[in-house]
Amino acid sequence: QVQLVESGGGLVQAGGSLRLSCATSGRTRSNRSMAWFRQAPGKERERVAAITWDGLTTSYTDSVKGRFTISRDNAKNTVYLQMNSLKPEDTAVYYCNAVDYYGNYRLLGSWGQGTQVTVSS
């Protein structure tokens, strides 16, 4: 089981940037593909970005392409989400989780507490 702690959220103006971090611990934490998800009030949780265990392959939902970048540092057991050019519609609680990257992003871990991102217009 992989344990996850998200951090780095906050309040930012539209056009601003934030970098989220996801600290992982537990068994085989460094060889799991990982993904960032978000859930806005009244909406379903959606996958925002994903990265393979080796960091060589990434994917993004269309609404964040060109603005968000997912990366990882396996030596630090941490996954990052750099968010630039933020928009009010990016406001949500952001979560990370282990996923089966080539298995339809099947979830492999439990949810953490998430980190709130609020973008003001």
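Visitor: Buried means under 20% relative accessible area. What percentage of the 121 residues of the protein count as buried?
Guide: This is a predicted model, and the value is computed from it. The cut-off is a relative accessible area under 20%. Of the 121 residues, the share that counts as buried is 43%.

Visitor: How many helices and how many strands does the protein have?
Guide: From the N terminus on, the elements run β-β-β-β-β-β-β-β-β-β-β. The secondary structure therefore comes to 0 helices and 11 strands.

Visitor: What radius of gyration does the protein have, and what would a compact globule have?
Guide: The C-alpha trace spans about 40 × 25 × 25 Å along its principal axes. With 121 residues, a compact globule would have a radius of gyration near 14 Å. The protein agrees with that, at 13 Å.

Visitor: What share of the contacts with a separation of 6 or more is between residues 24 or more positions apart?
Guide: Contact here is heavy atoms within 4.5 Å. Take the contacts with a separation of 6 or more. Residues 24 or more positions apart account for 54%.

Visitor: How much area does the protein expose, and what part do carbon and sulfur atoms supply?
Guide: The exposed area of the protein is about 6,300 Å². Of that area, carbon and sulfur atoms supply 46%.

Visitor: Which residues form a disulfide?
Guide: The cut-off for two cysteine sulfur atoms is 2.5 Å. One pair has its sulfur atoms 1.9 Å apart. The count comes to 1 disulfide. Its partners are Cys22 and Cys96.

Visitor: Which strands does the pair Cys22 and Cys96 link?
Guide: The pair links distant parts of the chain, 74 residues apart. In space, Cys96 and Cys22 are 6.4 Å apart, C-alpha to C-alpha. Cys22 is in strand S3 (residues 18-26), and Cys96 is in strand S9 (residues 92-100).

Visitor: Why is the disulfide of Cys22 and Cys96 called right-handed?
Guide: Handedness here goes with the torsion about the S-S bond. The disulfide of Cys22 and Cys96 is right-handed because that torsion is about 65°.

Visitor: Is Cys96 buried or exposed?
Guide: Cys96 lies in strand S9. Leaving out residues up to four places away in sequence, Cys96 touches Leu4, Glu6, Cys22, Ala35, Trp36 and Trp111. Its relative accessible area is 1%, so Cys96 is buried.

Visitor: Where is Asp90, and is Asp90 buried or exposed?
Guide: Asp90 has its place in the loop between strand S8 (78-83) and S9. Its relative accessible area is 0%. That is under the 20% cut-off, so Asp90 is buried.

Visitor: Which residues is Asp90 in contact with, leaving aside its neighbours within four places in sequence?
Guide: Start with Arg38. Asp90 and Arg38 are 52 residues apart in sequence and 8.6 Å apart in space, C-alpha to C-alpha. The full set is Arg38, Arg67, Phe68, Ser85, Val117 and Val119.

Visitor: Which backbone nitrogen lies 2.8 Å from a polar atom of the side chain of Asp90?
Guide: A polar contact is a pair of N or O atoms within 3.5 Å. The 2.8 Å pair joins the side chain of Asp90 to the backbone nitrogen of Lys87.

Visitor: Which backbone oxygen does the side chain of Thr91 reach, and which backbone nitrogen lies 2.9 Å from a polar atom of that side chain?
Guide: Thr91 lies in the loop between S8 and S9. Beyond four places in sequence, Thr91 touches Ala40, Gln116, Val117, Thr118 and Val119. Its side chain reaches the backbone oxygen of Pro88 at 2.9 Å. The backbone nitrogen, at 2.9 Å, is that of Val119.

Notes
Residues are numbered from 1 along each chain as its sequence is written. This is a predicted model: local features need pLDDT of at least 70, side-chain atom pairs count only at pLDDT 80 or more; totals for chains, interfaces and linings use all residues. Side-chain values use heavy atoms; hydrogens and water are left out. Helices (H or I, at least four residues) and strands (E, at least two) are DSSP runs, numbered from the N terminus. Buried means under 20% relative accessible area, exposed over 50%, partly exposed in between (1.4 Å probe, protein chains only). A polar contact is a pair of N or O atoms within 3.5 Å; within protein, one must be able to donate a hydrogen and the other to accept it, and residues adjacent in sequence count only if both atoms are side-chain atoms. The radius of gyration is taken over C-alpha atoms; the globule rule is 2.2 Å times the number of residues to the power 0.38. Accessible areas come from the Shrake-Rupley method with a 1.4 Å probe; for residues, only the protein chains shown count as cover.
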